[in-house]
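Biologist: Please take me through one part of this model closely. I want the surroundings of a single strand residue, set against the whole protein.

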Amino acid sequence: MVYTLLVLGSMKGSIMRRAKTTRRGWEATGDPTQQDSTLRRSNPQSMIAALFYATLLFADPRPPLTLVPVTHTAERNCRIEFSISGVPECPNPYDPDAADVRVMVRTPHGGRLVMPAFYMEPFEVTPRRRGEATVDWLYPTGRPEWRVRFTPTETGSYSFAVMATIGKHTLQSEPVRLKVKPSSRIGFVRVSRRDPRFLQLDDGRPFFAVGQNVAFIKDVQETRGIFGKLAANGVNYVRVWTCCEDWGMAIEARKSAWARSWDWKPPYVTDADGRRWVVIKGGPVTCNPTQRMGLRPNTRYRLSATVRGSEPTSAISIEVAGQRIEWHPRAKPGAFSAEFTTGPDTWWLETIRLSAVGGGEIALRDLSLREVGSDREILWDADPDRAVLGNYNQADCAMLDGVVEEAERVGIRLQLCLLARDLYMDRLKDPASAEYDRAMKDAQRLVRYAIARWGYSTSVAAWEYWNEMDPGRPTSRFYDEVGAYVEQSDPYRRLRTTSAWADAPNDWRHARIDVANMHWYLRPAEGELYRDEVVAVLKKARQLREAAPAKPALFAEFGLARDNWQPSPDMRADAAYVHLHNALWASALSGLSGTVMAWWWEDIDARDAYRHYRGVSAFVRRVPWLSGLKTAHVRTEGERWRAVGLSTDSAAYVWVQDSRAVRTGRTATGAVKESSVGVHLTVGALRAGTYRIEWVDTDTGQAIRADSATTANGLLRVTAPPFRGDVACAIELASGQPRSTGPASRMRPNRRTP
């Protein structure tokens, strides 16, 4: 017996040494299939014995980690998704220090990538009629699970293996292999290799952002309609907030069914243990979920809570889903539970009303509404003690899934604004403080989740840290360290950007901010700039470009506003949206990396003003953005007209405008009273030769006339066709003559491309 134990002990030590060696090999190589050479050299009998006793002594009762395909095709630049089974439970699955789940990817040419996995609670988000409108119906379905999403950027054989570190324990899966086929899908948006002032796609084609904001998203169905109209008129870039708090989609934000951020008066009291209770005295107290949650008809539900009353006769009356439930604390002190069945037409969870009856008051917590037989919570935002930081609102995450998928479907790229500024700003006063460190840690945790859940998508062009940070905050350390974390965590090296509520040249120049973002509005306080949107846009664009001369730069918020930043009544007077038309064309040829991005998307949608994108989006597609463009040397004859343009030494792209045709100079319908006839342009800095001039209608982008002209004394003189308001032209060296491809100095490597 002693001998047997000694043998078993010896074999146990040998097996454990070999197992440790095997694990070290995997951790060093990223390959869970690597075997210890000593095991390979063992004779068959000892191998069989070792495996037998290893099974007896070291069998892990926990289920193994397994990757289960969710998607069933594997194509280049298309999403591959796995669910991950066998991950042990932990207190906070959103905290990578508590649960670090990641997938090791080996690419066809030997590259190795690490893709973080994410924890998700599935929601059904489907369109359903509610009154006169079709809106999202949100309902929790299935069980929470871990998933990973990955987009292969090359064809060939890939292998995937998941590794999970929960506390001090690390588990790993067997590899799964997939063969990726070709597809026609275009890859990610990058900083251009040829000219870092502009953007390009993975296939080398330029990407010029014709953009708009659609910031406060409350409904995927509504957003689907807006995205479709934008894409149909040539918009390819949209800025979206995922940080709206409770008036729209927000991943990490204060959301409470008991109060709203703009009138924050929740009926809370705090007990000696620091727990919050909802106090009901008289009534009613309303419970209004922050999302439009659904119910199923003819379905049994359980409503429960922890309740305490101040008087023996106190009772609570609850109105929910057309039902009235009354409960007396004497029945079962401390606990409340009741079941009810919804009606045949009950699809929506309306306001829940709670009243105290019989005198005194009721204190309530842990209010829960679940389908009988399910552990999925419908009233997820009714917990007064629900954590805000590091707790990601899964209903909103499901909505963002739908928004990203819709952007992919219509060909729009997204700039996602991730962090709720007011959760971070007050903690960023002192870069040497512990609270600054905690703010960075919280931001890294949320950005990691965003990378894991939406970073797969080629339609996500940029992570924006937050909307309009105080430019006086010392954020340089934040952008440096969080930016470095993004570099390590995002295998696709997504563009990084941020914004401030005033000009922020330090942010624009920061080495780990890839895209400089400006926000600026036409307001009466701006004086002359308020009256001439063209002068204003060109001045602000020049200021942004001077601060960020060698990186992409976007005019990411623009519009007409009061001095208090509210919508301007002058928008209604500008019935034809002249200010947007002019701002789009002026910004497109200003040297920035995209057009101005209008803010008042709801007004644009209500007035169907999307047509203003059509002409400019068609025109910018012919501009050779990666050919060393510079400001065109172009002048008009006469003070009434002005021209804005970009050029190489063999081409020029010019917008010509009647300076009277600004918002304050046009009629209410946007019409221009006088026609412009015989307007002459002189373009300099072009190579000698004969040029083809194509004149373009700025509303439609369609050609209206083609001319030919030859340079004389280094100048090209052309005459515009008659126009009202504005006209554009493309001046290009005629075929058969060599053209410039831009200065060699622009040929710089893009360090952000993996």
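Modeller: What follows starts with the whole protein and then turns to Ala728 and its surroundings.

This is a predicted model, in which local features need pLDDT of at least 70, side-chain atom pairs count only at pLDDT 80 or more, and totals for chains, interfaces and linings use all residues. Residues are numbered from 1 along each chain as its sequence is written, and side-chain values use heavy atoms, with hydrogens and water left out.

The protein has 14 helices and 39 strands. Both are DSSP runs, numbered from the N terminus: helices are H or I with at least four residues, strands are E with at least two. Of the 754 residues, 54% are buried. Buried means under 20% relative accessible area, exposed over 50%, and partly exposed in between, with a 1.4 Å probe and protein chains only. The protein exposes about 32100 Å², and carbon and sulfur atoms supply 50% of that area. Areas come from the Shrake-Rupley method with a 1.4 Å probe; for residues, only the protein chains shown count as cover. Contact means heavy atoms within 4.5 Å. Among contacts with a separation of 6 or more, 74% join residues 24 or more positions apart.

Now the strand residue. Ala728 sits in strand β39, residues 726–733. Ala728 is buried, at 0% relative accessibility. Asp697 is 31 residues away in sequence, yet the two C-alpha atoms are 6.7 Å apart. Beyond neighbours within four places in sequence, Ala728 touches Trp585, Phe619, Val654, Trp655, Glu694, Trp695, Val696 and Thr698.

Two of these partners lead further. Phe619 is among the buried residues of α14. That helix, residues 612–620, is mostly covered, with seven of its nine residues buried. The others buried there are His612, Tyr613, Gly615, Val616, Ser617 and Val620.

Val654 leads to a nonpolar core. Such a core is a set of buried Ala, Val, Leu, Ile, Met, Phe, Trp, Tyr and Cys residues joined through side-chain atoms within 4.5 Å. The largest has 185 residues, and Ile84 and Phe478 have the most contacts inside it. Helix α6, residues 434–454, gives the largest share of this core, 11 residues. A second, separate core of 22 residues includes Val654, along with Ala709, Val718 and Phe723.

Last, the cysteines. The structure holds zero disulfides, a disulfide being a pair of cysteine sulfur atoms within 2.5 Å. Cys729 is buried at 0% relative accessibility, and Cys287 is buried at 0% too.
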